[in-house]
Structure formats: structure tokens, C-alpha cells
Amino acid sequence: MSIKYLKINKTAEARAEDDAKVRKVVEATLADIETRGDAAIRDLSKKFDSYSPASFRLNASEIEAAMQKVSARDMADIKFAQSQIRCFAEAQRASMTDIETETLPGVILGHKNIPVQSVGCYVPGGKFPMVASAHMSVLTAQVAGVPRIIASAPPVDGAPHPAIVAAMHLGGAHEIYALGGIQAVGAMAIGSETIDPVHMIVGPGNAFVAEAKRQLFGRVGIDLFAGPTETMVIADDTVDAEMCATDLVGQAEHGYNSPACLITNSRSLAEGTLSEIDRLLSILPTRETAAASWKDYGDVILCDTHEEMLAIANEMAYEHVQIMTDRDGWYLENMHSYGALFLGPRTNVANGDKVIGTNHTLPTKKAGRYTGGLWVGKFLKTHSYQKVTTDEAATLIGEYGSRLCMLEGFVGHAEQCNIRVRRYGGRNIPYGERALPAETVE
């Protein structure tokens with residue numbers, strides 16, 4: 001095995017230092033929201049967004065006014081994207097069926113898929129207002145059947161962002177707030193005098209939003225732990241440097257700390273991509289952000305074989321994995337740790353982010369080893385139930401239950417079984433003793 005790093009990213013120690021600073025700020029901010037409620041939320045909105053309306057929740061006329069500012073072309077594009085996302089989410093929902101099975105005569109077991117009862121959907125604003133995130137969270141929750149969906153996004157230039165409001169409304173949000181950052185996540189999870197708390201928080205965001213969700217997990221459910229956007233290109237010499245560089249730089253513009261990685265078995269492609277990235281960063285309008293990200297968080301890894309490339313990709317478990325090789329199907333079969341795959345040169349992460357129909361809220365920081373991304377199933381809880389319908393079944397299961405409870409020393413548990421053996425089996429089981437099979441009783 002011969003693996004060479006032609007470019008390597010920022011050290012883990014530097015990232016850990018950044019994370020520690022964010023953690024302290026978020027902890028103090030959430031404590032302030034819990035203590036002072038609406039007053040703290042308003043102070044934070046004034047401080048970070050210079051925004052302090054009479055109410056952060058938009059009423060029907062404010063929603064309509066915002067939507068009137070969206071051009072006909074943009075509105076049509078939003079509706080097209082939502083139709084794609086809805087179609088895939090509905091197909092996913094249809095695949096999740098309630099079940100009921102009779103494991104023994106008179107013993108019926110089953111499960112039901114029940115929607116979370118209230119969800120808060122955060123939609124990032126800031127430098128890049130993420131209209132698509134409203135589709136991904138709000139609309140998917142609506143397809144799942146969540147009865148209360150609230151959505152929040154920061155104001156942009158002192159007002160709710162029209163296209164984000166339109167996407168939230170069309171997606172099915174029941175309450176829409178112009179509120180951003182930690183204050184939005186904290187308000188939805190903790191609640192305040194004017195905002196009822198929810199059971200679950202979903203949606204991407206900056207480091208402070210991600211950390212707020214992490215600290216609130218347990219009090220509420222969350223979709224997943226998320227960090228900065230990650231993109232990986234796995235490529236061989238069937239694709240050119242311009243394509244690879246475009247796909248890497250295109251995601252690096254998300255933020256100053258968005259990892260971007262090329263894994264290849266072609267030295268000429270690796271070196272060509274490095275040169276092409278330099279060229280693109282000289283002309284890209286968002287080059288300031290993308291260049292900082294590439295400088296500190298970019299990787300180029302040269303391998304000898306596809307097997308080596310696969311092993312490194314699975315170990316890194318990046319959020320977006322763009323595969324452009326002569327064996328894309330082989331990677332689909334063998335990749336096991338990632339957020340989402342994008343197969344072939346005709347496919348790209350930007351389409352996945354905005355319109356193609358799959359969800360763009362995906363695991364980062366190696367979370368792809370144990371979870372997938374946001375989907376309709378995240379809003380559903382699978383609950384089991386049991387029913388015993390005959391005396392014979394109650395007696396049979398009760399006998400086994402009694403003995404297994406006593407094996408562990410749980411006498412009170414055993415008595416739950418014993419009382420049913422007595423009543424439905426006509427057996428005289430001494431109190432606090434295990435129930436033996438009928439044929440062994442003297």
C-alpha cells in the first residue's frame with residue numbers, strides 16, 4: 001500500500017480549540033435564554049441581527065407580503081424543488097409500514113410508526129440564506145405527518161428573507177419565525193413566554209447552531225450532530241481536473257472551515273486538480289471564503305489502487321462523496337460510511353443540495369459511521385405493542401416469564417407473570433416462587 005498526501009488539512013488540535021470556544025459561548029447563551037426567556041431572545045436578536053420586531057412570529061399578512069417579493073421565476077423553481085423532494089419523501093414514507101404478527105397462537109406483536117408531535121426546523125441565513133433547507137426539513141416533516149411544525153430563519157438585511165418564508169410556507173410550516181442562531185434553536189427547544197417548546201429540532205447551521213443542538217439533545221430530539229460541510233471527490237483518470245476542482249471549490253465556499261478532499265489513483269489528475277483549483281480561486285466571486293477553506297481544510301490523497309481509495313474514504317466518512325470512476329457501481333456496493341453518494345460525472349453535490357429530491361441535511365465529522373441523514377423516517381417513532389388473546393398463551397408465556405424473572409432475582413416481576421398463570425391457567429403457584437411447566441408439577 002502506498003498512500004501519499006499531496007496536500008493535508010488543518011490539524012485536529014486547532015479544530016478542538018475552536019470547538020471549545022464555541023461550546024462556552026453556547027452554554028452561557030442557552031442558560032440566559034432559560035433564565036430570561038423572551039427578554040434574552042430579543043437582546044440576542046438585537047445584538048446579532050439588529051432586529052427587534054413587535055413579534056418574531058410572522059402573521060398571515062406578513063407571510064403573504066414576503067411571498068409577494070419573490071419573483072415568478074424563483075417561485076416556480078421553489079415549487080419544482082419541493083415537488084422533487086416531496087416525491088422522494090412520500091416514497092420513503094410508503095416504505096415504512098406498520099406490522100402485526102402472531103408469533104405463537106394467541107400472542108400478537110406489532111409496531112406502529114407514529115410522527116413526532118412537534119418539530120422546530122432551523123433554516124440558516126447569514127452570508128448564504130439556505131432556501132433549500134426549508135424544503136428539506138419543513139416539507140419532509142409535513143410528509144411524515146408531524147402535527148405542529150415551526151420554522152425559524154434569521155432576518156436578512158433587517159427583514160424576513162422572502163424566498164425562505166415562501167419555502168417554509170409552501171412546505172407546510174404552521175408557525176414561522178424571523179429569528180436566527182442560538183436564540184432560535186434555544187427558543188424552539190426551551191420555549192419562552194411566547195413560544196411553546198417543541199419535541200425535536202432539525203436543520204443545519206453554523207458551529208454555534210450545531211453546538212446548541214448538541215447541548216440540547218436529551219431535552220429534545222435532534223436530527224443528527226453536524227459540523228461544517230464536507231465534500232470528497234473520488235476520481236480516476238476517466239474524469240478531468242476541471243470537473244474535480246469545480247466540485248471541490250463549489251462546496252468549499254460554504255464556509256472558512258469546510259473540508260474538501262480529493263482521493264485519486266492518478267498523479268496527473270491530482271496535480272492537475274491542484275493547479276485548476278488555484279485558477280478557479282482567482283476568478284470565483286466567493287473565493288475569499290473558498291480559498292480560506294481550501295487552504296486550511298483541503299486534502300489531496302494519492303493512492304495506488306481503488307481498494308486503497310475505498311478504505312480511506314470509508315475511514316474519513318465524509319458528508320458528500322462524489323464518485324467519478326470507471327467503477328462507480330463498485331463504490332456504491334462497498335461504501336459503508338458517508339452522508340450521501342453522488343455517482344458519475346453527470347451528478348453533483350449542488351443538485352443534491354438544492355433540487356434533486358434527496359435530503360441535504362447529512363452527517364459530518366465521521367457520524368456517517370453510525371447514522372444516515374435527515375429523511376422522513378427521522379420524524380417517525382417506531383413503537384411496539386403486544387397483545388395476548390387466549391388463556392393458553394397467557395399461561396405459556398407466563399411460565400417462561402416467571403422463571404426468567406426469578407433467574408435475575410426480580411421477584412416482583414415474576415409475580416406479574418405468576419398471577420396470570422394462576423388466573424388463566426388455573427395453577428397454584430406459591431407467592432414469590434417460579435412457575436414450573438405443568439407436566440413437572442407434582
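Angles under 35 degrees between two helix axes count as roughly parallel. This cut-off is used below for a pair of helices in this predicted model.

**The chain as a whole**

The secondary structure of the chain consists of 16 helices and 14 strands. Along its principal axes, the C-alpha trace spans about 90 × 65 × 40 Å. The chain has 442 residues, and 50% of them count as buried. If contacts between residues at least 6 apart in sequence are taken, 73% of them join residues at least 24 apart.

**Helices α7 and α8**

Two packed helices are described by the angle between their axes and the distance between the axes. For helix α7 (residues 181-190) and helix α8 (residues 207-216), the angle is about 25° and the axes are 8 Å apart. Because angles under 35 degrees count as roughly parallel, α7 and α8 are roughly parallel to each other. Their crossing is right-handed.

On the α7 side, the contact is made by Gly-181, Ile-182, Val-185, Gly-186, Ala-189 and Ile-190. On the α8 side, Phe-208, Val-209, Ala-212, Lys-213 and Leu-216 take part. Sorted by type, the residues of this contact are eight nonpolar, two polar and one charged.

**The sheet of β2, β3 and β14**

Three strands form an open sheet, in the order β2-β3-β14, with antiparallel pairing. Strands β2 (99-104) and β14 (380-388) stand at the edges and have a single partner strand each, so one side of each is left without a neighbour in the sheet. On average, neighbouring strands of this sheet are turned by 20° against each other, direction ignored.

**Strands β5 and β6**

Strand β6 (residues 175-178) pairs with strand β5 (residues 148-153). In a regular strand the side chains alternate between the two faces of the sheet. In β6, Glu-175 and Tyr-177 point one way, while Ile-176 and Ala-178 point the other way. All four of these β6 residues are buried.

**Two strand pairings**

The table sets out the pairing of β3 with β14 and that of β5 with β6.

| Strands | Direction | Bridges | Citation of pairing |
|---|---|---|---|
| β3 (residues 107-115) and β14 | antiparallel | nine bridges | β3 joined to β14 |
| β5 (residues 148-153) and β6 | parallel | four bridges | β5 paired with β6 |

One bridge can be named from each pairing. Ile-108 has Lys-387 of β14 as its bridge partner. For Ala-151, the bridge partner in β6 is Ile-176, one of the buried residues described above.

Notes
Residues numbered from 1 in each chain as written. Predicted model: local features only at pLDDT ≥ 70, side-chain atom pairs only at ≥ 80, totals over all residues. Heavy atoms only, no water. Axes fitted to C-alpha atoms, helices over the stretch in contact; angles between N-to-C directions. Helix = DSSP H or I, 4+ residues; strand = E, 2+ residues; numbered from the N terminus. Parallel < 35°, antiparallel > 145°, perpendicular 65-115°, else oblique. Left-handed = near helix turned anticlockwise from the far one by under 90°. Contact = heavy atoms within 4.5 Å. Nonpolar A, V, L, I, M, F, W, Y, C, P; charged D, E, K, R; others polar. Pairing = 2+ DSSP bridges. Buried < 20%, exposed > 50% of the residue type's maximum accessible area, 1.4 Å probe, protein only.
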